[in-house]
Amino acid sequence: MKSFVVSLLLGLSLQDSTKILDHVTVRKRAEHEVFGTNWCRHEKTSIHINKGAGTGPEAGYCVGNGFVHAKFKTLDEAKEAFDRRPEGTCGGITLEIRSKLYSLIKGPVVLQHSDIKEVSWTPCTKAEQEGKDVEKKLNVGWDVYDGRYLGGYCTSKYAYNTLDEAKAAYRHTNPPGKCGGITYENLSGKYTLRLGRDPQDSPSGEITWYPKRDGSWKVEAAGSVEWFRHENKKIRLGKYCEKGFSKYRFRSLEEAKQAFEAGPAGYCGGITLETKRRRYTLRRGPVILDESEPGAKQVSWTPSTEAEKSISRPRR
């Protein structure tokens, strides 16, 4: 209907008017200012293109039903176009690295690993949405801009392996807040301090954290759990803590602790460092501590019992 009205007003063909609508410019917005769909991001992943009986370069993409374009220069344009399609028409969005275009792919969604570090977005499942709610608690003080980057690096050391490390470095710049924000480079896998203060559309699917103007980014998340460290111990693995979490493996202990505290109460039993992978993993309760494998030197952390709180022992 919109395409028909535009074609009447401007004297254009239905195909040209649809093109105008599909490329409408949308204002830049933070992740919490969502479109009609709640989106989940998948790193190093593409959506399988099922061409079926179709032929030609558009087979497998969300075209037809009056829509002639399925590839867009920005993530916001692709998301808005997705929401305008009839429900169930499209499965999700993949940033095709070679063309640097955000493409609408037909469902059903089959996610596959991308060796060229493509990124995909799909409507969140209930479990994934619960994981995003946890992430929001960890991002207090920051606005998240998916598909955006900030220009220019800030400070001599600007690249970090984890978001937690990058946020800490941001807080401790001289003067504090000297940098514009943090941008994750999905091609390098690094969280980088950036000078720019105006998030720009990213051709490579980057994601940016921008400090809130109220200064709440200055406050480190205060942990409410008192932790007890168990040397050469592992928490017996029944299951990892997956329900309500977007992930259960972390590169830093602080990230694992924050995720534990932000997650559903009583669901996780504690944290075990898997030394071979150098990953801190959230493990389900009830907690049963086993001896570490020979030579592995695993370490675990659990919420302190009253007896443990009285023991003078390192808790980091």
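Colleague: Which residues does S252 touch, not counting residues up to four places away in sequence?

Modeller: This is a predicted model, where local features need pLDDT of at least 70, side-chain atom pairs count only at 80 or more, and totals for chains, interfaces and linings use all residues. Residues are numbered from 1 along each chain as its sequence is written, and side-chain values use heavy atoms, with hydrogens and water left out. With contact meaning heavy atoms within 4.5 Å, and residues up to four places away set aside, S252 touches T162, D164 and Y280.

Colleague: Where along the chain is S252 found?

Modeller: Helices (H or I, at least four residues) and strands (E, at least two) are DSSP runs, numbered from the N terminus. Strand 17 covers 249-250 and helix 6 covers 253-262. S252 falls in the loop between strand 17 and helix 6.

Colleague: Is S252 buried or exposed?

Modeller: Buried is under 20% relative accessible area, exposed is over 50%, and partly exposed is in between (1.4 Å probe, protein chains only). S252 has a relative accessible area of 11%, so S252 counts as buried.

Colleague: And D164, what does D164 touch beyond four places in sequence?

Modeller: D164 sits in helix 5, residues 163-171, and at 17% relative accessibility D164 is buried too. S252 is one of its partners. Leaving out residues up to four places away, the full set for D164 is S252, E254, E255 and Q258.

Colleague: How many Å separate the C-alpha atoms of D164 and Y191?

Modeller: Along the chain, D164 and Y191 are 27 residues apart. In space, their C-alpha atoms are separated by 9.2 Å.

Colleague: Which residue stands opposite Y160 in strand 12?

Modeller: Strands count as paired if DSSP finds at least two bridges between them. Strand 10 and strand 12 are joined by 2 bridges and run antiparallel. Opposite Y160, strand 12 places Y191.

Colleague: What is the strand order in the open sheet that includes strand 12?

Modeller: This open sheet has 5 strands, and the pairing is antiparallel. Strand 8 (142-146) and strand 10 (159-160) are the edge strands, each pairing on one side only. Read across, the order is 8-14-11-12-10.

Colleague: Why is strand 12 said to be largely enclosed by the rest of the structure?

Modeller: Strand 12 has 5 residues. It is largely enclosed because the number of them that are buried is 4 of the 5.

Colleague: Which residue in the turn between strand 11 and strand 12 has a positive phi?

Modeller: Strand 11 (residues 181-185) and strand 12 (residues 190-194) pair antiparallel over 5 bridges, with G181 opposite R194. The two make a hairpin with 4 residues between them. The turn residue with a positive phi, about 75°, is G189.

Colleague: How far apart in space are D143 and G181, C-alpha to C-alpha?

Modeller: D143 belongs to strand 8, and D143 is buried, at a relative accessible area of 14%. In sequence, D143 and G181 are 38 residues apart. C-alpha to C-alpha, the distance is 9.8 Å.

Colleague: Moving to the other open sheet, with the order 1-7-4-5-3, which strands stand at the edges?

Modeller: That sheet also has 5 strands and antiparallel pairing; within it, strand 4 and strand 7 pair over 3 bridges, and L95 stands opposite V119. Each edge strand has a single partner, so one side of each is left without a neighbour in the sheet. The edge strands are strand 1 (39-42) and strand 3 (71-72).

Colleague: Which element gives the largest share of the largest nonpolar core?

Modeller: A nonpolar core is a set of buried Ala, Val, Leu, Ile, Met, Phe, Trp, Tyr and Cys residues joined through side-chain atoms within 4.5 Å. The largest one has 19 residues, and A78, I93, Y102, L104 and W121 touch the most other members. Helix 3 (75-84), strand 4 (90-96), strand 5 (101-106) and strand 7 (119-123) each supply at least two residues. The largest share, 4 residues, comes from helix 3.

Colleague: How many residues are in the other core, the one with A259?

Modeller: It lies apart from the largest core and includes A259, C268, I271 and V299. Its size is 18 residues.

Colleague: Last one: what is the mean pLDDT of the chain?

Modeller: pLDDT is the predictor's confidence in each residue, from 0 to 100. Residues 1-10 are below 50, with 15 contacts beyond near neighbours in sequence, and residues 12-34 are also below 50, with 56 such contacts. Across the chain, 82% of residues reach 70 or more, and the mean is 81.
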